[in-house]
Amino acid sequence: MPFAPPPEDPKEEELRILEAWDREDLMGRIRSRERKYVFLEGPPSANGPPHMGHARTRIVKDSVLRYWIMRGYAIFPWIGGWDCHGLPIEVEVERELGVRNKREVLERFGIEEFNRRSREAVFRYKRLWEEFTRRIGFWLDLDNAYITMENYYIESVWWALKEIWKKGLLEKHYKVVPYCPRCGTPLSSHEVAQGYEEVEDPSLVIRLRELGSENHFLVWTTTPWTLPSNVLLAVHPDLDYLLVEKDGFRYYIAEARAGEVLGGEFRVLKRLKGRDLVGKKYEPPFPYLRPRKGHYVVAADFVSSEEGTGIVHIAPAFGEDDFELGKREGVDFFKPVDEEGRFTDEVPPVAGMFFKDADRVLIEILEEEGKIYSLGTYRHNYPFCWRCGTPLMYYAIDTWYIRTSKLRDLFMELNSRVNWVPGHVREGRFGSFLRELKDWALSRNRFWGTPLPVWVCEEGHVHVVGSVEELRSMALDPVPEDLDLHRPWVDRIRLRCPVCGKPMVREPYTIDVWFDSGAATFAQFHYPFENEEEFREAYPVDFISEGIDQTRGWFYSLLAVNGMLFEREPYRNVLVIGLVLDEKGEKMSKSKGNVVDPVPLLEEVGADPLRLYMLSTPAWRDLRFSTRGIEELRRRVLDTLWNVYKFFSNNANLDGFKPDGGEPGENPLDRWILSRLSWLASEFNRGFESLSIHRGPAALPQFVDDLSNWYLRLSRRRFWREGMDEDKLSAYRTLYRVLVHLARLLAPVTPFTAEMLHRRLTGESVFLSEYPQPGPRDEELESQFAEMKAIVEAGRRARQRAGIKARIPLLEAIVVGARLPEELAELARMELNVKELRFGGEGPRVRRVRLNLPRAAPRLRERTPEAARLVEELGEKALAMAERGELEVGGVSLGPEDLLVVEEVDPEYVREEAEGVEVYLRRTLTRELRLEGLARDIVRRIQVMRKELDLEYDRRIRTWVLGDEEVSEALRVHGDYIAGETLSVELSEAPGRGYHRVWEVDGKRVEIWIEPT
């Protein structure tokens, strides 16, 4: 069978490749292999369209998996996953229903209807996600994907929570937690870490009068909205404080902060320690809330003198340190802000206002009462809800916690066993998070999520349910067979308390959605209820990969959930992926209008150009996305590769070449390109093995250039010879081997191009072949070729500088700094288009004598230009005359020290350098050289005309050429050359027939006719 032509439209053929993979059930054939490479898909949420970050993540993951497929492994379990719970879905449903908060949901719809709609919204974009995943080439079984909202998955999560409870790690506490008033639920510390933004908040220093005194405490805050809830002031017992007088007021302030806060001059009245202030009472900032105990100064070690005033305002309901301090002191605490983040009637001036909006009103009241010492702004990082973007507040509520802080050392030990790429993440971003690990705020005051499986009786006994069977066995009433393990159905189930026998009701919470995804290692198998062997085989996971934002998200939840259950790391290798930014380096967002939708882009350019572009830079670096960059790589690499294949297939079909498994010969061109192929294989393999997968794609443009612009161009005449001698056969065998191996090397990166190419060359899918391993390299030969390329590149630049076209032959080139073996020297000579190529020596140089201006000019003065011209004209004679004392200008005698001898490039040559190699090109043009160059120009025009007629490579033509006398002479002298190069059976100097064009060749009018025979 002849080799099929290249695809007319590669992106259209990508669709046919997808159909072929399905039709031939390649995934099924690969799945049957015994060796397994374990991969866990980080479950995306299908309630929104995929963006360019998803494209990058899926491309990276797929490339790694395809590599291990070609290393003889089956991917296990090789399924997708869907993250189905959580706030994004609830927020979207609330928007559709026209409700603003949980209260309106309950009043207008109820949990059952709301969750029914949430279930419908989960897979609103599922088909788009599946088609996007398929179209981008991410080989994944989506028909059997794990789904976090299904009963089997929830049951495994319940089992995990019961195991954690049995270990004494699941507890309920009244604590201050990061809380989103829009979503009406607390957030865990790893969720909070994902939502920080730099903002400007009010920065004010207020003065609070000491009771029974004219002294005032200077107190700094950036949260004016918490001041109505103030109960205490805190100072550090060991810090130095001052009582100062300024502008008629007396102030307490930390000594270290006095200069910066007070500014200007002030008088120190007294020095004292923080402990001396403890117990002093003060007037509160606002009169609305009056505690039975409070409004006095306490000691606290967390107070710092690095910012503020060294005196800290304490509102126990709105800060972790504040809460613990309030508990220690046994004071009342006030929470005049409701769960929607709005002030209650307890603070009348701001009742009903959102807590952040209340700042302005409260500041105005303080100003009117003369309680503000200074007012400004403070730029800092503030936490926002990572889901809805609402400012968080630290808020005291009842919350179920997992005591992860007790497991800090275990988690750090597990993390130390993981191979992170890039490596600094392990001890840096991820490690620092583990070192400061907080307890996991698990419960959520929401509707759509995995219900917390905790039941409590009126006596306070707690029981955690670990399975549906356990639920049925403890239920006071019959449990439906088709029970949905979501709210409100599980809320209706009462259990018999195993301690006192009284009814137990479920705690009305769902759990943090990150626990769902962290349970994927075992819950995808419904472990421990079934598939135990499969779970054991798939744990720990060989490879996971997600974006950098998952460092404190999925990467952490996997480590935490599995670490608590199994005390073993859940994954061996993690590849962290950077963000996709716009061309300016800014984050893509709809509001900025700089979002690039990957779905239409795939239709426009196809999958492989996008894949190659995204895989050519380190995965962990942020990527500045550019469609121009995609087009450039497509043109430089993929289009060039198809041009090479087209050359091969056209000539191989003409010559009847059939792959015979024979070895290439000893032609240095063949040995060189095969050595370069081994280098490329090394780059690809090392890259995939180390998860630095950009190494191969980054090296690819250089290899394709070597293949197309050097190997193929220098080998053309070998392919165009008549007959099939050993050297021509060696060229075919070499090019065939290179193309086959290149298809296999490219398969993980550009699977569609690789499949098209491999099937055309072998008739088989590339993914049933072995991944090429590096063969032997001839590094000496590669070094010699590198020198040859440097010689040619320097010679080309020399021609450009001399203004001599490449097709005009020159007499000579001299190379300094390199020496080539005979065969390569001949190739270099042909590339330089010179009659002779010489090596060695110092290059053609001439000695010049010049006036030593710094020494002679002060004595010559106005005669300096005249002397300089004279010395240049005399040359070597001037030096001899100076030595004899005979060189004189205007009465000034010039000696040898007034002259300089310099060496310059012979003006008959032009010099250029590349990679430390000098090339001297003789620029002299004879009439014979110009005629030969003219003949080459005529050949090029005829070749263009052949291409315009779309003639086959071996099609013979008749040719007629008309021009001036020099054209005629070129035809007479070089007619055989022109006819041979253009396959002209007849070459005449006369008007002709057939296809006709008028050309301008070197300023000459040349008419050419060609007619196929």
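In this predicted model, β7 and β8 run antiparallel to each other and are held in register by six bridges. The two strands make a hairpin, with five residues sitting between them. Within that turn, Gly 212 takes a positive phi of about 75 degrees. One cross-strand pair is easy to pick out: Leu 204 stands opposite Thr 221 in β8.

Strand β8, residues 215-221, has neighbours beyond the hairpin too. It also pairs with strand β11 (residues 249-254), this time in the parallel sense and over three bridges. Here Phe 217 is the residue that stands opposite Tyr 252 in β11. So β8 has an antiparallel pairing with β7 and a parallel one with β11. Six of the seven residues of β8 are buried, so the strand is largely enclosed by the rest of the structure.

Back on the other arm of the hairpin, Asp 201 belongs to strand β7, which covers residues 196-209. With a relative accessibility of 8%, Asp 201 counts as buried. Leaving aside residues up to four places away in sequence, Asp 201 touches Thr 222, Lys 356, Gly 376, Thr 377, Tyr 378, His 380 and Tyr 382.

A second piece of strand architecture is an open sheet of four strands, ordered β6-β5-β16-β18 and paired in the antiparallel sense. The edges are taken by β6 (185-186) and β18 (440-441); each has a single partner strand, so one side of each is left without a neighbour in the sheet. At the β6 end, strand β5 (residues 170-180) pairs with β6 over two bridges, again antiparallel. Cys 180 has Thr 185 in β6 as its bridge partner.

Turning to backbone geometry, two cis peptide bonds are worth pointing out. One runs from Phe 76 to Pro 77, with omega near 0 degrees, and Pro 77 sits in the loop between β2 (74-76) and β3 (79-82). The other joins Arg 487 and Pro 488, where omega is about 0 degrees. Pro 488 is likewise a loop residue, placed between α16 (468-474) and β22 (495-496).

Positive phi values turn up in residues other than glycine as well. His 526 has a phi near 60 degrees and lies in the loop between α18 (520-523) and α19 (532-537). At 11% relative accessibility, His 526 counts as buried. Asp 1002 has a phi near 55 degrees, also positive, and its loop links β39 (995-1001) and β40 (1004-1012). Unlike the buried His 526, Asp 1002 counts as exposed, at 52% relative accessibility.

Zooming out, the chain holds 34 helices and 40 strands. Its C-alpha trace spans about 115 × 90 × 50 Å along the principal axes. The radius of gyration is 40 Å, whereas a compact globule of 1013 residues would come in near 31 Å. A pair of residues gives a feel for the distances involved: Gly 656 and Val 337 are 319 residues apart in sequence, and their C-alpha atoms lie 85 Å apart in space. Gly 656 itself is found in the loop between α23 (627-655) and α24 (668-690), and is partly exposed with a relative accessible area of 48%.

Even with those dimensions, buried residues make up 57% of the 1013 in the chain. Among contacts with a separation of 6 or more, 77% are between residues 24 or more positions apart. The chain exposes about 43,600 Å², and carbon and sulfur atoms supply 45% of that area. As for charge, there are 146 positive and 171 negative side chains, and the centres of the two sets lie 1 Å apart.

How values were computed: Residues numbered from 1 in each chain as written. Predicted model: local features only at pLDDT ≥ 70, side-chain atom pairs only at ≥ 80, totals over all residues. Heavy atoms only, no water. Rg over C-alpha atoms; globule rule 2.2 N^0.38 Å. Buried < 20%, exposed > 50% of the residue type's maximum accessible area, 1.4 Å probe, protein only. Contact = heavy atoms within 4.5 Å. Areas by Shrake-Rupley, 256 points an atom, 1.4 Å probe, with all protein chains shown as cover. Lys, Arg positive; Asp, Glu negative; His and termini not counted. Charge placed at Lys NZ, Arg CZ, Asp CG, Glu CD. Pairing = 2+ DSSP bridges.
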